[in-house]
Amino acid sequence: MLVAADKFKGSLTAVEVAERVTAGLRRAVPDVEVTALPVADGGDGTVAAAVAAGFERRQIRVAGPLGHEVDAAFAVRGDTAVVEMAEASGLQRLPAGVLAPLTASTYGSGELLRAALDEGVRTIVFGVGGSATTDGGAGMLTALGARFLDADGEPVAPGGGGLADLARADLSQLDPRLSTVELVLASDVDNPLTGPKGAAAVYGPQKGASPDDVEALDAALAHYAKVLETEVGPRAAGHAAAPGAGAAGGIGYGALLVGARFRAGIEVMLDVLGFAAALEPAELVITGEGSLDEQTLHGKAPAGVAAAARAAGKEVVAVCGRLKLPPEALGRAGIRRAYPLTDVEPDIAVCVSDAGPLLERVAERIGRDFLT
């Protein structure tokens, strides 16, 4: 039995999901052998999943999205580091009740990348998602040595809003170690930088951006890409249109500019976490996340786990807080059956507050259905 589920956002971490599912299975079959492999798709929880898989946790002080210092972690094993931009620049790093769509910066994410380079690794998996920012990765690049200047030769203000004043970009002092590592941009979204499917239009409202803010941010990001085209040539325009450029407020674009290779986050993480080896002896795989819905089918962790398991001929079931997919959609995704918490507790608020005990009850049902 392999438990490879993502977090229930706002209720349980991926590690806690695995613990609760294991406890529930053992209520039904006390001696069942369970392997827990918490997973993530590049967003928040990615470092925790890596640490659960045996990576060593490193913690440093970096700039949060508004410049205040925060404690942020990354993970290292051998010559590979896992860096999660949400650790430094995520929504959870904003002060309570504060959203800053125009001024939030990814500078701390660049500091995390720099710390990973200090470890002497050869590969950096850069998981992006859950960001508070829409600055196109300008803050991150600044922390790595770039300069973004206004018409007076002064640094532009932090955040996506400040990019409207950008007159010149200087990438000549970027950390030279970036060219010596494989940088993998791991994300569950493939949006371009700008336009109706770009970083500002699609994700800006989640970060507090008003319609006027979205328009201003999209224009600022387009201007940013144009100035960078002057600095580095036509490839800047190509990167702006590339899949993943719009990930996490456009930090994907900044990563692509310094040589990152874009891959679906869950595919990268399954490789890094050793999913194939864990899958081999398993007869049943349990995956899941807080809400199984249309978004799940587009690059989220449960869909990636199910696809890999199905390719290996394994049966897959899913746990979730709520289920918004019909059986036929689950079947196409390779999931035989889903077990939502709402089957045992219809009140969503209670499902959120009591997710752990409810998940144990759901897992006990799985044990009875498949193991007895």
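This report looks at aromatic rings, the largest pocket and the cysteines of a predicted model.

## Ground rules

Residues are numbered from 1 along each chain as its sequence is written. In this predicted model, local features need pLDDT of at least 70 and side-chain atom pairs count only at pLDDT 80 or more, while totals for chains, interfaces and linings use all residues, and side-chain values use heavy atoms, leaving out hydrogens and water.

## Aromatic rings

You can find 2 aromatic pairs here (rings of Phe, Tyr and Trp, for Trp the six-membered one, with centres within 6.5 Å; planes under 30 degrees apart are stacked, over 60 edge-to-face, the rest tilted). Tyr 224 and Tyr 253 meet edge-to-face, with 5.6 Å centre to centre and 75 degrees between the planes. Tyr 224 sits in helix α7 and Tyr 253 in helix α9, so this pair ties together parts 29 residues apart in sequence (a helix is a DSSP run of H or I, at least four residues, numbered from the N terminus).

Both tyrosines are buried, meaning under 20% relative accessible area with a 1.4 Å probe, protein chains only. Together with Phe 148, Tyr 224 and Tyr 253 form one aromatic cluster.

## Cysteines

How many disulfides does a search of the whole structure find? The answer is 0, where a disulfide is a pair of cysteine sulfur atoms within 2.5 Å. The sulfur of Cys 320 has its closest cysteine sulfur in Cys 351, 9.6 Å away, too far for a bond. Cys 320 is buried, at 0% relative accessibility, and Cys 351 also counts as buried, at 6%.

Definitions and conventions
Helices (H or I, at least four residues) and strands (E, at least two) are DSSP runs, numbered from the N terminus. Buried means under 20% relative accessible area, exposed over 50%, partly exposed in between (1.4 Å probe, protein chains only).
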